[in-house]
Amino acid sequence: MRAEVDGVSAVRAAPGPVIDVRSEGGRAVVRVRGDLDLDATRPLERGLRTALVSSVHGVDLDLSEVGFCDCAALNVLLAARQRALMEGKTVALTGTAPTVDRVLDLTGTRSLFADPDGTAGEGADEEDLRELRVEVVQLRRALQTRPVIDLARGILMASFGLGSEEAWRVLVTASQHANTKLHHLAQGIVSTAEGGEPREQIREQLAAAVARVRAESP
């Protein structure tokens with residue numbers, strides 16, 4: 001559903017996040033409020049597509065009011081970033097909530113959404129173009145890690161009787177305490193589930209994380 005109030009277009013899911021889009025100086029300014037989970041991917045993708053099409057230079061994205069963010073939402077952001085690059089535009093994060101910060105830091109994708117410096121448009125020199133090519137490579141790598149993370153989350157849900165959000169929190173908690181990148185931990189979980197040699201360290205990390213998350217849940 002789309003509504004427009006005082007020149008601000010709002011893309012709403014029912015239920016889901018509220019995505020406000022407005023134009024400012026050749027860029028589309030997008031503010032997202034609510035949770036960005038699997039159910040929110042479609043409205044988020046529609047909102048970013050609308051913003052990108054209506055912009056001249058790209059999108060400034062404010063996620064400071066997001067209560068939850070997972071890899072499904074990150075995948076949408078990365079895809080929007082890739083589309084923008086192909087059009088000579090940028091997608092920049094101007095504000096992030098702690099839950100968004102964790103996803104960006106664990107996946108190493110924060111640098112892909114740096115503030116625009118005007119080099120992506122017409123007239124960019126050779127050095128700028130090389131930097132954009134590097135960003136595209138990094139983007140593709142980030143997209144490749146998403147399926148294994150989602151698969152690991154599904155394994156945790158089935159193994160421990162967790163909800164989707166709880167399984168995500170277990171992955172994040174175990175990754176943080178083990179000082180291991182999220183996709184490396186996810187790959188270890190998937191390999192074990194597929195008949196690989198179970199690693200005692202992974203079992204201990206997950207058991208501790210599950211206990212921690214359950215203790216924090218109401």
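Guide: Before we start, one definition: helices here are DSSP runs of H or I with at least four residues, strands are DSSP runs of E with at least two, and both are numbered from the N terminus. Keep in mind that this is a predicted model.

Visitor: How many helices and strands are there in the protein?
Guide: Going from the N terminus, the order is β-β-β-β-α-β-α-β-α-α-α-α-α. The tally for the protein is seven helices and six strands.

Visitor: What share of the residues is buried?
Guide: The cut-off for buried is under 20% relative accessible area. The protein has 218 residues, and the buried part of them comes to 45%.

Visitor: And how much area does the protein expose?
Guide: Carbon and sulfur atoms supply 50% of the exposed area. The total the protein exposes is about 11,200 Å².

Visitor: What percentage of the contacts with a separation of 6 or more comes from residues 24 or more positions apart?
Guide: A contact here takes heavy atoms within 4.5 Å. Among contacts in the protein with a separation of 6 or more, residues 24 or more positions apart account for 66%.

Visitor: Let's look at the strands. Which residue in the hairpin of β3 and β4 takes a positive phi?
Guide: β3 (residues 18–24) and β4 (residues 27–36) run antiparallel and are joined by seven bridges. Across that pairing, I19 has V32 as its bridge partner, and S23 stands opposite A28. The hairpin has two residues between the strands, and the one with a positive phi near 60 degrees is G25.

Visitor: β4 also pairs with β5, so to speak; in the parallel or the antiparallel sense?
Guide: β5 covers residues 58–69, and nine bridges link β4 to it. One of the bridge pairs puts R33 opposite E65 in β5. The sense of the β4 and β5 pairing is parallel.

Visitor: Is the crossover from β4 to β5 left-handed or right-handed?
Guide: Leaving β4, the chain passes through helix α1 (residues 41–54) and then reaches β5. The hand of this β-α-β crossover is right-handed.

Visitor: Which residue of β5 has 0% relative accessibility, and is it buried or exposed?
Guide: L63 is found in β5. Its contacts beyond four places in sequence are V32, L36, L77, L93, G95, T96, A97 and V100. For L93, 30 residues apart from L63 along the chain, the C-alpha separation is 7.4 Å. Because its relative accessibility is 0%, the residue that counts as buried is L63.

Visitor: Is R31 buried or partly exposed?
Guide: R31 lies in β4, and its contacts beyond four places in sequence are V18, I19, D20, D62 and E65. With D62, the C-alpha distance is 4.7 Å although the two are 31 residues apart in sequence. Partly exposed spans the range between 20% and 50%. R31 has 33% relative accessibility, so it counts as partly exposed.

Visitor: Now the empty space. Which element gives the most to the lining of the second largest cavity?
Guide: There are two cavities of 30 Å³ or more, and the second largest has a volume of about 30 Å³. Its lining is made of L48, R49, L52, V59, A80, R83 and V91. Two or more of the lining residues come from each of α1 and α2 (71–86). The element that gives the most, with three residues, is α1.

Visitor: Which residue just after α3 takes a positive phi?
Guide: Helix α3 (residues 98–107) has as its buried residues T99, V100, V103, L104, L106 and T107. The cover over them includes β5, α2, β6 (90–96), α5 (164–178) and α6 (182–193). Just after α3, a positive phi of about 65 degrees belongs to G108.

Visitor: Last one: is S175 buried or exposed?
Guide: S175 is found in α5. Setting aside residues up to four places away, S175 touches L106, T180, K181, L182 and L185. At 1% relative accessibility, S175 falls under the cut-off and therefore counts as buried.

Methods:
Residues are numbered from 1 along each chain as its sequence is written. This is a predicted model: local features need pLDDT of at least 70, side-chain atom pairs count only at pLDDT 80 or more; totals for chains, interfaces and linings use all residues. Side-chain values use heavy atoms; hydrogens and water are left out. Two strands pair if DSSP finds at least two bridges between them. A crossover is right-handed if, with the strands pointing away from the viewer, the path from the first strand over the helix to the second runs clockwise. Buried means under 20% relative accessible area, exposed over 50%, partly exposed in between (1.4 Å probe, protein chains only). Accessible areas come from the Shrake-Rupley method with a 1.4 Å probe; for residues, only the protein chains shown count as cover. On a 1 Å grid over the protein atoms alone, a cavity is a set of points where a 1.4 Å probe fits but cannot get out, and a pocket is an open set with protein on both sides within 12 Å along at least five of seven lines; lining residues have an atom within 4 Å of a point. Grid points are joined across faces, edges and corners, and a volume is the space filled by probe spheres set on the points.
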